[in-house]
Amino acid sequence: MIGVVNNQIDKNTLELLGKANQMAVKIQTQVCLFIIGSKELKVDHVKDYADLTVLMLSENFGRFSLYPFLINLEKAILKYRPSILLSPATTFGRTIMPALAARLRTGLTADCTDLDVDDKGNLLQTRPAIGGNVMATIITPNHRPQMATVRPRSFSVQPEKREGRVRIEEITELEDSCELIKIEKREPSAQIDQAQIVVSVGKGLRRKENTQIAEKLAQLVSGAVGATRSVVDAKWFSHDHQVGLSGKTVKPKVYIAAGISGAVQHIAGMQTSEIVIAINKDRYAPIFKVADIGLVADAYSTLEQIVKILEDESDA
Ligand SMILES: Cc1cc2nc3c(=O)[nH]c(=O)nc-3n(C[C@H](O)[C@H](O)[C@H](O)COP(=O)(O)OP(=O)(O)OC[C@H]3O[C@@H](n4cnc5c(N)ncnc54)[C@H](O)[C@@H]3O)c2cc1C
């Protein structure tokens, strides 16, 4: 059995179920979705993406807290015994999966960007390694379950086609030792992982003030502004905007890379974008290798021209 774990039913869950389904067909096994979360969660629209959905819902599970979630999830995993267990590399997955792996005395490959399975049922867990300079494929032949967290947007959602059974597990209510101090809302422009169009800036924009043109363009196309690590290190934007190995993975319809060299660590976070438009004054910049449209030009003035055209059009 291949298990997918999450505390909500979102696009990440469907992406992982899509991949789990492909692998399940290959090794002739079942797909099980483990949902642990609020009593309000509804599964009718997703149950057919799995053979079995196991629900662990409680009115106390509206907010994620490690200990109660961990103990209940461990109980379910020991009951259903999936040989593979996947979770998205979100705050939830990145927190619960290592703790669960430790309790189950197995390993965990964090932040995978690709997965496959061989004919012996070994999970091939691929992720960037050595500062993103190589892609490593890791296997866990001696321990079960084989556990991995997977970067959101690594896979696409596949059509549902499974048995769609649902089972409700009894919850062990445990005291929550975490105290909620405050909730800080994220600034809307930083939601690069949700945007259909991402305008990303690199050091080729030369000055922080010049990045306003990228913000203007993002605003005009209802997109979001991304950034390279160099730009974030220079404090032009917060880390929330960083695309890449140590930032976020994005998969927009259009990714505009303005003044970005195209280091492997940056490409790791944007290469699955549908259309990549690169603007760089160096015709040999590596970003052009992953670009669908390449402009050898000054980044600032090119963005300025695009903004002008869009503004003229909206005035017309
Ligand atoms: C472990 C590790 C993790 C990392 N994680 C990330 C990550 O998550 N994300 C990330 O982005 N990086 C990451 N990096 C850093 C990465 O290696 C690069 O240093 C970084 O991406 C470079 O950013 P940049 O393209 O803005 O700057 P540069 O490499 O300095 O490139 C600037 C580019 O702008 C071009 N340019 C200059 N002037 C103009 C102009 N007027 N018009 C147009 N183009 C111009 C230049 O030709 C050049 O190609 C990581 C590195 C390590 C070691």
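**View 1. Domain 1 and domain 2 sit with their C-alpha centres 32 Å apart.** In this predicted model, the domain assignment places domain 1 at residues 2-168 and domain 2 at residues 188-315. Where the two meet, 9 residues from domain 1 and 9 residues from domain 2 make up the contact. If you look at the side of domain 1 that touches domain 2, you will find 2 nonpolar, 5 polar and 2 charged residues.

**View 2. The whole protein is built from 7 helices and 15 strands.** The radius of gyration is 21 Å, close to the 20 Å that the globule rule gives for 316 residues, so the protein is as compact as a globular protein of that length. Along the principal axes, the C-alpha atoms fill a box of roughly 60 × 45 × 35 Å.

**View 3. Inside the fold, 42% of the 316 residues count as buried.** Among contacts with a separation of 6 or more, 63% come from residues 24 or more positions apart. Keep the sequence at hand here, as the partners in those contacts are 24 or more positions from each other along it.

**View 4. The ligand is surrounded by 29 residues.** Of these, Gly202, Gly204, Arg229, Gly244 and Ser261 come nearest. Three elements, α5 (229-233), α6 (264-267) and β14 (275-280), give two or more residues to the shell around the ligand.

**View 5. Helix α5 gives the most to the shell around the ligand, with 3 residues.** By class, the residues of that shell divide into 16 polar, 8 nonpolar and 5 charged.

Methods: Residues are numbered from 1 along each chain as its sequence is written. This is a predicted model: local features need pLDDT of at least 70, side-chain atom pairs count only at pLDDT 80 or more; totals for chains, interfaces and linings use all residues. Domain bounds come from an automatic or database domain assignment. Two residues are in contact if their C-beta atoms, placed from the backbone, lie within 7 Å. Ala, Val, Leu, Ile, Met, Phe, Trp, Tyr, Cys and Pro count as nonpolar, Asp, Glu, Lys and Arg as charged, and the others, Gly among them, as polar. Helices (H or I, at least four residues) and strands (E, at least two) are DSSP runs, numbered from the N terminus. The radius of gyration is taken over C-alpha atoms; the globule rule is 2.2 Å times the number of residues to the power 0.38. A residue is buried if 20 or more other C-beta atoms lie within 10 Å of its own, exposed if 12 or fewer, and partly exposed in between; C-beta atoms are placed from the backbone. A residue is near a molecule or strand if its C-beta atom, placed from the backbone, lies within 6 Å of it.
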